[in-house]
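Colleague: I am new to this structure. Please pick out one part of it, take me through that part closely, and then set it against the rest.

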Amino acid sequence: MTSLTLELTAPPMPRIDLSALTPDRLAGRSADAIRRLPLWVGNEEATLGDLFTVTAGDTDDILIRCDSDRLDGIGTGMSRGAIRVEGRAGAYLGRQQRGGTISVSGDTGPFAGSGMTGGGIEIGGNAGDFLGAAIPGERRGMRGGRIQVRGNAGDRIGDHQRRGLILIGGDAGDYCGSRLVAGTIVVLGRTGANLGFAMRRGTLLLTSQPRLPPTFNPNGTQEPGFLALLTRDLAGLGGPFGQLQARGTRVHRWLGDLGYGGQGEVLVWA
Amino acid sequence: MIRNGIAIDDTFAEAFGMTAARLIVTAINPRWARIAGETMTGFATSVIGCGAEAGIESALAPEATPDGRPGVSVLLFAVSGKELEKQVERRVGQCVLTCPSTACFSGMEGEKPVPLGKNLRYFGDGFQIAKRIGGRRYWRVPVMDGEFLCEEVTARTSAVGGGNFLVLARGLPQALAACEQAVLAIRRLPRVLLPFPGGIARSGSKVGSKYKALMASTNDAYCPTLRGLVHSSLSEDVGAVLEIVINGLTEADVREATRVGIESICALGAASGVLRISAGNYGGKLGQYHFHLREILADQA
């Protein structure tokens, strides 16, 4: 069965909340019913059909074609199925996602994967700030699942992250892993200032030497066995993340943030 | 029924339902993996006195283990889930956690969980770190050679314990040599365990005793030194009897192991000094599983 396809007809001026378009919430609806779904465009109510060309198909496999960064909340709370975005996505991509997969060929806005507890997000381009982070007012960010970014990611990756895995193929912005509670963030490119600021536990796994806050202590060279499990688990992934086994398990290790218990670790492949 | 000059008794082995778990222990090299496996399965011949029956199922190549290091797969059998949990925790805690370079993983999928690192993690005194990788949770416990990596839980499954057969021979050397052959053949099979020393038991037992405190006592009918005194099952020419006890994850595994073991002895022929193959049972009332020797040998035919 072909995908349910939504093609944006014209880039909207205001931001559009697409959180209603998940496999869970569209299940059992006909293409006509989907076209009639209400959407807010600024302060005016419109229908989905006004903005998108809808091609009927499997509601568990949704394809969104758009070249706008104004479509927010794609895949919010989804628990199954797949959403593919050909183009860019706005803010809050996969917010509180519980399962299924979301893939975006281009860039995404801030707060992608915020509060997600399961499933996977793949971002082909760059991710905005606060990837997998908690939104203001929430105490915890990402709590499970896996986010892959082929390009770069912005500041505050994994802020308040509690569990789950974030993979960045390119560079990370400032405050990567700040206030990390637990979980793992892998950055294959360079990292910005104040990496791991106020992290309590969790792992930041890097390929290049970071600029650490002064509240991190060197722990020497270690060979943690879990790295073998992690890289083996990732070996099924395409691209750079599938090649990590070749790096081995020998890492330089720093512990911190000592102002917050110091149970977190920053690992840099030796 | 006579196979290659060796008589097969028309009797059956009686086996019981047990519960079992499989663990994978890895280490820096095969030698230390085996040391850890042998240590954690030491003193585990019979549930009566040891709490568990355990042994190494097979050696594992690095490609076959979760962390890519050489390892062994270990089977543990116990009479109840609760007892199994206790034994797994004690044996891993005392024998694997302590053993240099080891890591411990679940070797079995199943619905009934058995804590592994779940409680052992407290050895880390708050410095332990949990990692969830590929849907499984692992604990990293800091120890003096680095980290003890241990999966949080393993699983248990219902299993069969106490399958057996008796080898009656002209003398002890002949019985032992034949049993060694059978052990070699059976240990090539997966999912089975021969819990006794070297896979062979000499002290087969019967139910009950003249002493009130004892549940079981020596199987006098098969003791050569009691021939003439008790109602013996041994003819004049039998000099020694040895028993191979087989635990397996399923009834079919025990059945297959019994067949393979007996076939390997029969292949030696009467010249080996083996006279008869029999089996131990309690009249068929105690165990859920019956393994009729002649039926099993007919499987292949």
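Modeller: Of the 270 residues of chain A, 53% count as buried. This is a predicted model, and the part I will look at closely is the set of aromatic pairs in the loops of chain A. Some background on the chain comes before that. Chain A has four helices and 17 strands. Its C-alpha trace spans about 60 × 35 × 25 Å along the principal axes. A compact globule of 270 residues would have a radius of gyration near 18 Å; chain A has 19 Å, which agrees. Among the contacts in chain A between residues at least 6 apart in sequence, 42% join residues at least 24 apart.

Now to the rings. A pair of aromatic rings is described by two values, the distance of the centres and the angle of the planes. Over all chains, the structure holds five aromatic pairs. One of them is formed by Tyr92(A) and Phe111(A), with 5.5 Å from centre to centre and 15 degrees between the planes, and it is stacked. Planes under 30 degrees apart count as stacked, which is why the angle of 15 degrees puts this pair in that class. Tyr92(A) sits in the loop between strand 8 (82–87) and strand 9 (101–104) of chain A, while Phe111(A) sits in the loop between strand 9 and strand 10 (120–123), so the pair ties together parts that are 19 residues apart in sequence. The two partners are not covered to an equal degree: Tyr92(A) is partly exposed, with a relative accessible area of 33%, whereas Phe111(A) is buried, at 10%.

A second pair has another geometry. The ring centres of Tyr175(A) and Phe197(A) are 5.7 Å apart and their planes stand at 85 degrees, so this pair is edge-to-face. Tyr175(A) belongs to the loop between strand 12 (163–168) and strand 13 (184–187) of chain A, and Phe197(A) to the loop between strand 13 and strand 14 (203–206); the pair therefore ties together parts that are 22 residues apart in sequence. Here both rings are partly exposed, Tyr175(A) with a relative accessible area of 25% and Phe197(A) with 34%.

Each of these two places has something further to note. Around the stacked pair, ring pairs link Tyr92(A), Phe111(A) and Phe130(A) into a cluster. At the edge-to-face pair, Arg156(A) lies over the face of Tyr175(A), at 4.4 Å from the ring centre.

The backbone of these loops is worth a look as well. Most residues other than glycine have a negative phi, and most peptide bonds are trans. Tyr175(A) departs from the first of these habits, with a positive phi near 55 degrees. Gln96(A), which is not a glycine either, has a positive phi of about 55 degrees. Gln96(A) is found in the loop between strand 8 and strand 9 of chain A, where Tyr92(A) also lies. Gln96(A) is partly exposed, with a relative accessible area of 34%. Elsewhere in chain A, a cis peptide bond joins Gly256(A) and Asp257(A), with omega at about -5 degrees. Asp257(A) lies in the loop between strand 16 (251–256) and strand 17 (264–269).

For contrast with the partly exposed loop residues, consider Thr22(A). Thr22(A) has its place in the loop between strand 2 (16–17) and helix 1 (23–26) of chain A, yet it is buried, with a relative accessible area of 1%. Leaving aside residues up to four places away in sequence, Thr22(A) touches Ile62(A), Gly75(A), Thr76(A), Met78(A) and Ile83(A).

Finally, the rest of the structure, in brief. Chain B has seven helices and 17 strands, and 52% of its 301 residues count as buried. Along the principal axes, the C-alpha trace of chain B spans about 65 × 45 × 30 Å. Of the contacts in chain B between residues at least 6 apart in sequence, 74% join residues at least 24 apart. In chain A, the corresponding share is 42%.

Definitions and conventions. Residues are numbered from 1 along each chain as its sequence is written. Chains are lettered from A and ligands numbered from 1 in the order in which they are written. This is a predicted model: local features need pLDDT of at least 70, side-chain atom pairs count only at pLDDT 80 or more; totals for chains, interfaces and linings use all residues. Side-chain values use heavy atoms; hydrogens and water are left out. Rings of Phe, Tyr and Trp (its six-membered ring) pair if their centres lie within 6.5 Å; planes under 30 degrees apart count as stacked, over 60 as edge-to-face and the rest as tilted. Helices (H or I, at least four residues) and strands (E, at least two) are DSSP runs, numbered from the N terminus. Buried means under 20% relative accessible area, exposed over 50%, partly exposed in between (1.4 Å probe, protein chains only). A charge sits over a ring if NZ of Lys or CZ of Arg is within 6 Å of the ring centre and within 35 degrees of the ring normal. Contact means heavy atoms within 4.5 Å. The radius of gyration is taken over C-alpha atoms; the globule rule is 2.2 Å times the number of residues to the power 0.38.
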